[in-house]
Amino acid sequence: MKNGKRKKKKKIFIIVLCIVSALVIAGDWALTVMIYNENFNRRFESYEPLMLYIDDFDGLQRTRYEFSSDKGQTLTGYMYSSGEDQRGIIVLAHGFGGGGHNSYMNCADYFARHGYYVFAYDATGNDESGGEGVGGLPQGVIDLEAAISFVEESGNFPDLPIGLFGHSWGGYSVCSVLTYHPEVKAVIACSGFNSSADMFEAEGRKQAGDGIAVMMPFVKLHERIKYGSYASNTAMDGFAAADAAVMIAHSSDDNVVPTMYGYDVYYEKYKDDPRFRFVRFEDKGHDHVYNDMTYINEFNEGFDRWLETLDYDYKAEDNKERIEADRAEYITSHLERHQWCDSLDLELFEDFVCFYDENLN
């Protein structure tokens with residue numbers, strides 16, 4: 001009789017333990033999805049005071065196009081050109097969080113002036129493209145796949161070899177997409193990461209340290225449910241699926257995408273492979289890895305000095321709207337547009353063009 005009661009209590013305990021465990025798991029999953037969506041499923045617009053315009057670049061021309069992505073959302077892209085006798089088409093994938101391709105228009109201008117068409121587009125949830133939000137990082141690969149297919153199949157563009165250029169989110173996308181477009185001839189990835197979950201982990205590690213590991217299985221499951229095989233496809237998978245020449249540029253002080261999530265992974269496997277070229281900087285950070293920082297630093301230092309002259313606490317929540325308005329006014333009145341638009345690292349971009357010239361044939 002006592003054994004029966006004991007077994008019954010044990011059974012109840014196991015049932016309760018299973019229920020509690022299921023609730024904890026469900027709660028962790030729900031919390032993870034909420035945090036993921038708060039960070040990645042948002043719309044992003046370019047910051048107007050710092051936007052680039054076609055008139056900022058002498059001789060640069062562009063034509064607007066629209067094409068569809070996976071859920072029927074309309075994406076907006078532009079084909080940039082300058083002069084004649086183009087040798088190929090470079091499809092440009094922008095980074096995450098700053099709006100669409102606008103802040104990369106100077107990159108498009110440089111490539112266009114040096115013999116290439118450039119097709120640059122706004123990904124889902126950015127600037128001129130549709131979508132209530134980005135959704136998640138695998139969306140970048142899906143949109144890039146659609147952009148490449150549009151360039152190849154729409155009949156609007158000449159039949160020229162295709163290269164890819166991407167920064168950050170775009171750096172991940174241009175590598176991962178090789179799985180779906182192995183015909184691409186050359187890829188340049190700046191400050192990119194290997195897998196879609198890496199960005200969540202990198203940022204989460206700053207907040208929760210090693211505790212972020214508890215959330216990562218839920219992040220991967222959420223992305224898998226939402227994006228299928230795109231979620232698990234990595235840059236390394238793309239490299240293995242194609243014969244494209246690959247150039248990787250990254251800075252060791254990048255605190256947005258540390259090199260352990262991209263450059264180091266690639267270098268470990270491919271450092272002796274002639275398909276790959278690695279460029280490692282020490283002090284270029286993340287956002288400006290391909291820029292000459294001379295004017296950017298000068299402007300930022302002036303802005304910081306101006307902040308100290310304000311007669312109110314610009315960090316206070318009550319002054320949020322005020323500082324935003326004052327900041328926009330300061331930028332509009334003090335930014336030297338020519339220097340701002342002409343801030344690329346020209347030596348690096350010469351290497352970029354040489355890389356495309358050698359491999360787009």
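In this predicted model, the loop between β2 (74-81) and β3 (88-93) holds D85. The phi angle of D85 is near 60°. That value is positive, in a residue other than glycine. Most residues other than glycine have a negative phi. D85 counts as exposed because its relative accessibility, 67%, lies over the 50% cut-off.

S168 also has a phi near 60°, again a positive value in a residue other than glycine. S168 sits in the loop between β5 (162-167) and α4 (169-176). Its relative accessible area is 6%. S168 is therefore buried, the limit being under 20%. Thus D85 is exposed, whereas S168 is buried.

The secondary structure of the protein comes to 13 helices and 8 strands. Along the principal axes, the C-alpha atoms fill a box of roughly 95 × 60 × 40 Å. The protein has 361 residues, and 50% of them count as buried. Contacts were also examined by sequence separation. Among contacts with a separation of 6 or more, 76% come from residues 24 or more positions apart. The protein exposes about 17,800 Å². Carbon and sulfur atoms supply 51% of that area.

Charged residues were considered next. The protein carries 33 positive and 59 negative charges. The mean positions of these two sets are 18 Å apart. Side chains of opposite charge can pair when their charged atoms come close. A search of the whole structure finds 12 salt bridges.

One of these salt bridges joins R337 and D56. The closest N and O atoms of R337 and D56 are 2.7 Å apart. R337 belongs to helix α12 (residues 337-341), and D56 to the loop between α1 (2-40) and β1 (61-68). The two residues are 281 residues apart in sequence, so their pairing ties together separate parts of the chain. R337 is partly exposed, with a relative accessible area of 26%. D56 is partly exposed too, at 26% relative accessibility.

A salt bridge also forms between the side chains of D345 and K284, at 2.6 Å from N to O. This pair links distant parts of the chain, 61 residues apart. D345 lies in the loop between α12 and α13 (346-359). K284 lies in the loop between β8 (276-281) and α10. Both partners are buried: D345 has a relative accessible area of 15%, and K284 has a relative accessibility of 14%.

R322 and D311 form a further salt bridge, with the closest N and O atoms 3.7 Å apart. R322 is in helix α11 (residues 320-334), while D311 is in the loop between α10 and α11. Their separation is 11 residues in sequence, and the pair ties these parts together. R322 counts as partly exposed, at 41% relative accessibility. D311 counts as exposed, at 70%. Elsewhere, R64, E66 and E128 are joined into one network by salt bridges that share partners.

E145 presents another case. This residue lies in helix α3 (residues 138-153). E145 is buried yet has no salt bridge. The nearest side chain of opposite charge is that of K71, 11 Å away. E145 lacks a salt bridge to K71 because a salt bridge needs a nitrogen and a carboxyl oxygen within 4 Å, whereas K71 is 11 Å away. Leaving aside residues up to four places away in sequence, E145 touches V177, Y180, H181 and Y230.

At the surface, E298, E301, D304, E308 and E336 form a negative patch. Within this patch, E298 lies in helix α10 (residues 294-307). E298 is partly exposed, with a relative accessible area of 48%. E298 thus belongs to a negative surface patch, whereas E145 is buried.

Terms used: Residues are numbered from 1 along each chain as its sequence is written. This is a predicted model: local features need pLDDT of at least 70, side-chain atom pairs count only at pLDDT 80 or more; totals for chains, interfaces and linings use all residues. Side-chain values use heavy atoms; hydrogens and water are left out. Helices (H or I, at least four residues) and strands (E, at least two) are DSSP runs, numbered from the N terminus. Buried means under 20% relative accessible area, exposed over 50%, partly exposed in between (1.4 Å probe, protein chains only). Lys and Arg count as positive and Asp and Glu as negative; His and the chain ends are not counted. Contact means heavy atoms within 4.5 Å. Patches are made of residues with over 30% relative accessible area and no salt bridge: like charges are joined within 9 Å, nonpolar side chains (Val, Leu, Ile, Met, Phe, Trp, Tyr) within 5 Å. Accessible areas come from the Shrake-Rupley method with a 1.4 Å probe; for residues, only the protein chains shown count as cover. The place of a charge is taken as NZ of Lys, CZ of Arg, CG of Asp or CD of Glu.
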